[in-house]
Amino acid sequence: METEALETGDLSLNLTNLQLSDSGTYTCTVRNVIGDEWRAADVELLVKGQEHKKTPAVDPEYKVEVDSGVESALLPCRTTVHLPEDGKVEWRDGRYTKVHVYENGSDQPKKQDRFYRTRTKLNEDLLRTTRDLSLTLKHPTDGDSSIYTCSVSSREENILMKKQVDLRVKVCQVEVEEGAESVLLPFTTTPELPGNARVAWINSKENIVHVYKNGSDHHEEQDQFYRNRTKMNEDLLRTGELSLILRRPTDGDSGEYRCRVWRTGEVLRMKTVQLIVKAPTVQVQNQPEDIRTRSSSTDPTPLIDEQSV
């Protein structure tokens, strides 16, 4: 790469000594020091001379939309194509990350990305009987929104079937009235997260709202605007309850809040919450109308003091 890639914006990669095995999808990502990650580009590389594999049977794409906070989302994938019992089933997301792998008659959790670890499930004996390759994704958040591809390949790695599902998870919205004692930004995920993971809530301006690491809160890393106003549950990595309590919300707190869980630069979980702090409702009480004012408004004749006549 160029030595000043971040300054010039040229993130191109020069790959030398190309081989047939280099063919595939390459993703460029940019990550800052606190773990936020952006996907800059996806590039499909095809090295000439590669033998073309059998054309997969592709069905029309499914579209699934769920609310953030649901227990699970089902990504449908059913087929009538005859599939070998020794075939391999792979689910991948739009970044070509392995979401779930089924091979040799059982799931292969060690081959899936940690972002999806313990959150996916397939039917049992799916190749021999049901041919239902649908994937259940537990605790989906907006960070899971992507186009997922399910493929079945033979032992010779020929693709026998491929289907795509477009999953859209709505961003969670929370409304609260200004003056409330506190507001909860919800985030519940699978339990038993790694004990050395770091949890951080950050607002849309990249200000640190709350940090949890090494088994305790780290208030010294917070932005002063949120100092003494936030709270998270204890033992949150074990329980998977990552919700944030924000005390005394005001209009200045409105905006997006993003929670990320990561370890050694690898994102394990993430969710976005849109907080809307509404102005307090003003109740107008009916005041008794002044008699003198009422009289002057209905009768143009000025009031006269009888004692002065």
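**Note on strand pairing in a predicted model**

1. In the hairpin formed by β11 and β12, where five residues lie between the strands, glutamate 157 takes a positive phi near 70 degrees; strands here are DSSP runs of E with at least two residues, numbered from the N terminus.

2. Before reading further, note that this is a predicted model, in which local features need pLDDT of at least 70, side-chain atom pairs count only at pLDDT 80 or more, and totals for chains, interfaces and linings use all residues. Residues are numbered from 1 along each chain as its sequence is written, and side-chain values use heavy atoms, with hydrogens and water left out.

3. The two strands of that hairpin run antiparallel, with eight bridges joining β11 (residues 146-153) to β12, and strands are taken to pair if DSSP finds at least two bridges between them. Within this pairing, serine 153 stands opposite isoleucine 159 in β12.

4. Strand β12, which spans residues 159-169, also pairs with β4 (residues 62-66), here in the parallel sense and over five bridges. In this pairing valine 66 stands opposite valine 169 of β12.

5. Elsewhere, an open sheet of three strands with antiparallel pairing follows the order β14-β19-β18. Its edge strands, each pairing on one side only, are β14 (182-185) and β18 (230-232). Neighbouring strands of this sheet are turned by 25 degrees against each other on average, direction ignored, the axes being lines fitted to C-alpha atoms and angles in general running from 0 to 180 degrees between N-to-C directions.

6. In that sheet, four bridges link β14 to β19 (residues 244-247) in the antiparallel sense, and serine 182 has arginine 247 in β19 as its bridge partner.
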